[in-house]
Structures are given as C-alpha cells and as structure tokens.
Amino acid sequence: MQDELIKKVQALDKALQDLGRILEINNKTETIYSLQLQMARDEFWNNQKEANIVVGKLKILKNDVDSWNNLKGILDDARDLIELSDASLAAEIAAEVNSLEKKLDDFKLKVLLNGEFDSADAIIEIGRAHV
C-alpha cells in the first residue's frame, strides 16, 4: 500500500509542477513582489484609478500563487507522512492523498476555465436535437 501511495504522490507532484509551469508561478511570484513594492510607495494611492488596477492585478496573481502554494504544502506534508509513517497510518494517509487529488483536480478545472473573459456573463441556449 505504501508503494502505491508513493507512486500516487509522485504523479500528483508531477501534475502540480506541470500546472505551476502553465500558470507561470515563478513569474507571478516575482510580479507580486514588484506590485507590493509599488504599493508601498507614498505616492501610490494618489491616483485611485491606477491604484485600483494594480490592486486588482495583485489579487488575481495572489489567488493563483496562494492556491498553488497551498496544494504544494499539502503534497509535501503527505510525502513526509508517507516517509515517516508505519503501516498503521496507511489508511489515513491514503484518505489525505485522495483529498489532495480532488483538490488538485478542482484547481486544474478552475485554471482551465479561467481566462480573460471568464468574469463576463454568457448566454447559453439549449435546444432539442433534430432527428
């Protein structure tokens, strides 16, 4: 059972790393730092319109980075538990890994459905098939 868990965690780690590359987590982290420095300047809040744009960008970037980092932390904890545990905790660890897999799948779906126009409304028409 432990070998299965190790393989599953390795697969989840690869999927998370791939997602990190797609999301450009490293670039977003650097941009967050840059925006935070910009916000720390005294004159930043003088132009409310520009300030609101920067704050909006920061919020979007932090959401992706924080979500990814949260999943990475859970994954690292699961890996540590597998390495340190005995067989008596296998069921608990398997449940944790399954929960992580679900969270990662949900995050992937969010990323796939996230785009420039996703905050806009959409009209969907459902009709009957003509045979």
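Let's start with Glu24, which sits in the loop between helix 1 and helix 2. Keep in mind that what you're looking at is a predicted model. Glu24 has a positive phi of about 55°, even though this residue is not a glycine. Is Glu24 buried or exposed? Something in between: its relative accessibility is 47%, so Glu24 counts as partly exposed.

Now let's head inside. In soluble globular proteins, nonpolar side chains tend to be buried together. Here, the largest nonpolar core has 28 residues, and Val97 and Phe107 are the ones with the most contacts inside it. Which helices feed this core? Helix 1 (2–23), helix 2 (25–40), helix 3 (48–84) and helix 4 each chip in at least two residues. Helix 3 gives the largest share, with eleven residues.

Take a closer look at Phe107. If you skip its neighbours within four places in sequence, what does Phe107 touch? Phe107 is in contact with Leu19, Leu23, Asp64, Ser67, Trp68 and Leu71.

Finally, come back out to the surface. Leu109 belongs to helix 4, which covers residues 90–112. Together with Leu112 and Leu113, Leu109 makes a nonpolar surface patch of about 350 Å². How can Leu109 be part of a patch like that, and why isn't it called buried? Buried means under 20% relative accessible area, and Leu109 has 47%, so Leu109 counts as partly exposed. That value is also over the 30% that a residue needs to be in a patch.

Definitions and conventions. Residues numbered from 1 in each chain as written. Predicted model: local features only at pLDDT ≥ 70, side-chain atom pairs only at ≥ 80, totals over all residues. Heavy atoms only, no water. Patch = residues over 30% accessible without salt bridge, like charges linked within 9 Å, V, L, I, M, F, W, Y side chains within 5 Å. Areas by Shrake-Rupley, 256 points an atom, 1.4 Å probe, with all protein chains shown as cover. Salt bridge = Lys/Arg side-chain N within 4 Å of Asp/Glu carboxyl O. Helix = DSSP H or I, 4+ residues; strand = E, 2+ residues; numbered from the N terminus. Buried < 20%, exposed > 50% of the residue type's maximum accessible area, 1.4 Å probe, protein only. Core = buried A, V, L, I, M, F, W, Y, C linked by side-chain atoms within 4.5 Å. Contact = heavy atoms within 4.5 Å.
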